[in-house]
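Colleague: Could we go through this structure together? I would like to begin with the second chain.

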Amino acid sequence: MEALLLAETGSLLDRSPLAFDLIVVLGAAVAGCFGALVGLGGGILVTPMLVLICGVEMHTAMGASLLAVIATSSGAAATRSRDTLSNYRVGMFLEVAATIGAIVGALLAALANPAWLQLLFGCLLVSIAASTWRTREDTATHRLPVHPISKRLRLDASYETRAGPVRYHIQRPLQGFGVMTGAGVISGLLGIGSGVLKVVAMDSMMKMPFRVSTTTSNFMIGLTAVASVGVYMAQGFVDPMVTAPVLIGIVPGAMIGARLVTVLKVSLLRRIFLVALIIIAVQMFIRGGGRIVGA
Amino acid sequence: MTFAGQRIQRRILQVCLAASIILLLWGMARLWLDDISHAQATEAFAALHSPVALLEGVVRAEPVPLICLGIAVLAVTPVLRLLLLLIDFLAQRDWLYAAICAAVGVIIAVGFMLRLH
């Protein structure tokens, strides 16, 4: 309730810049750490934190969140010693669709009412919580047939395991391309990386092994986000004074989370995190809905 | 990507992230020490019309240009990864994926040029 009142009376940044910076640095560090622990990226928590706790305008919060997505994507790549999993051919093939979608989504966001964006964001949080409730395991994809388009585009690959290399065949590449356009639109529209949607498309639809999907998605979200950031910057939705503390917090937070993931028992944290997502979604519904009803 | 390419990529990303965080911290510290309000900082940001104005501000160690450069350095990291991947595909004589990388680069560039009125 206090958060809602804060948001109604203007940004915390205008009233107490130091308090704003401290809250955002700490909040972004926690978001980055938890995001890395449960494999969602920290960007999904940044927008609600800025809007609900600090009273930042929705578009500005989404601009900061997109840059947070870039930070977590590049931060993860900077800490990984050797990458034997990412399928860069699949990633680049799908990025053609995702970047176009991201620009379209960013243009739509510029035209959209912030209250409706908050409602949409609430829906997104609920759907992410639902889709990630169940942890996935790698599926045996090596027995699947070779798809002619995948063969032509040389999308099939293999990855190393303790038992030796495992070959996989990419299924439904064109459908994946279509879904990735949608993931790009959502990324640009709501200022997120859309990593969950990308992983679901690659894992469930294209039958790419789950671990390969997550590392490839991590590479892709940075590129998708940077495509939207251009539009957000041009529209004046990137406020350096809001973005700076987010980035200062989220980079070390994500790096700590990436290291803790091998030490901590993640399954319980994952459940707690997903319940938190639902609570945040409800707050976004209340705030967005309240504005629409009040207008 | 080859392991040599990955090593170069990792090193470049580490340097960019470190540079970005240092610039952001430096700019934020100057904002706090000089007691600059959000309104004043927004005014200073609006005055940054060109990259030259940004760099001149950085040379004078002004807080808002320092923060903006920190954000720009971070924002460019995915594009650097794309560039390295393009070079990697070219080195492998994989013309199709080199062309796809270039196409994604063009799409991103178009995004930076679009502006709604």
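**Chain B, its contact, and chain A**

Modeller: In this predicted model, contacts in chain B between residues at least 6 apart in sequence include 58% that join residues at least 24 apart.

Colleague: How many helices and strands does chain B have?

Modeller: Chain B has six helices and zero strands. Along the sequence, its pattern reads α-α-α-α-α-α.

Colleague: Is chain B spread out or a compact globule?

Modeller: Chain B is more spread out than a compact globule, because its radius of gyration is 18 Å, well over the 13 Å that the globule rule gives for 117 residues. The C-alpha trace of chain B spans about 55 × 40 × 20 Å along its principal axes.

Colleague: And what percentage of chain B counts as buried?

Modeller: Of its 117 residues, 33% count as buried.

Colleague: Now the contact. How many residues does each chain bring?

Modeller: Chain B brings 44 residues and chain A brings 44 residues.

Colleague: Which helices of chain B supply at least two residues each to the side that touches chain A?

Modeller: They are α1 (3–33), α2 (38–46), α4 (63–75), α5 (77–91) and α6 (95–113) of chain B. The most comes from α1(B), with 13 residues.

Colleague: What classes of residue make up that side of chain B?

Modeller: The side of chain B that touches chain A has 32 nonpolar, nine polar and three charged residues.

Colleague: Let us turn to chain A. Where is the kink in α6(A) centred?

Modeller: The kink in α6(A) is centred on A:Glu95 and comes to about 35 degrees.

Colleague: What span should helix α6 of chain A have, and what does it have?

Modeller: Helix α6 of chain A (residues 88–111) has 24 residues, so at 1.5 Å a residue it should span 34 Å; its end C-alpha atoms are 34 Å apart, which agrees.

Colleague: Is α6(A) mostly covered or mostly uncovered?

Modeller: Mostly covered: 19 of the 24 residues of α6(A) are buried.

Colleague: One last topic, the backbone angles. Which sign does phi have at A:Arg154, positive or negative?

Modeller: The phi of A:Arg154 is positive, near 55 degrees, in a residue other than glycine. Most residues other than glycine have a negative phi. A:Arg154 sits in the loop between α8 (148–152) and β1 (157–161) of chain A.

Colleague: Why does A:Arg154 count as partly exposed?

Modeller: A:Arg154 counts as partly exposed because it has 14 C-beta neighbours inside 10 Å, whereas 20 or more would make a residue buried and 12 or fewer exposed.

Colleague: And what is the phi of A:Lys207?

Modeller: The phi of A:Lys207 is near 60 degrees, also a positive value in a residue other than glycine. A:Lys207 lies in the loop between α10 (195–205) and α11 (210–234) of chain A. With 19 C-beta neighbours inside 10 Å, A:Lys207 counts as partly exposed.

Methods: Residues are numbered from 1 along each chain as its sequence is written. Chains are lettered from A and ligands numbered from 1 in the order in which they are written. This is a predicted model: local features need pLDDT of at least 70, side-chain atom pairs count only at pLDDT 80 or more; totals for chains, interfaces and linings use all residues. Helices (H or I, at least four residues) and strands (E, at least two) are DSSP runs, numbered from the N terminus. Two residues are in contact if their C-beta atoms, placed from the backbone, lie within 7 Å. Ala, Val, Leu, Ile, Met, Phe, Trp, Tyr, Cys and Pro count as nonpolar, Asp, Glu, Lys and Arg as charged, and the others, Gly among them, as polar. The expected span of a helix is 1.5 Å times one less than its number of residues. The bend at a residue is the angle between axes fitted to the seven residues ending there and the seven starting there. The radius of gyration is taken over C-alpha atoms; the globule rule is 2.2 Å times the number of residues to the power 0.38.
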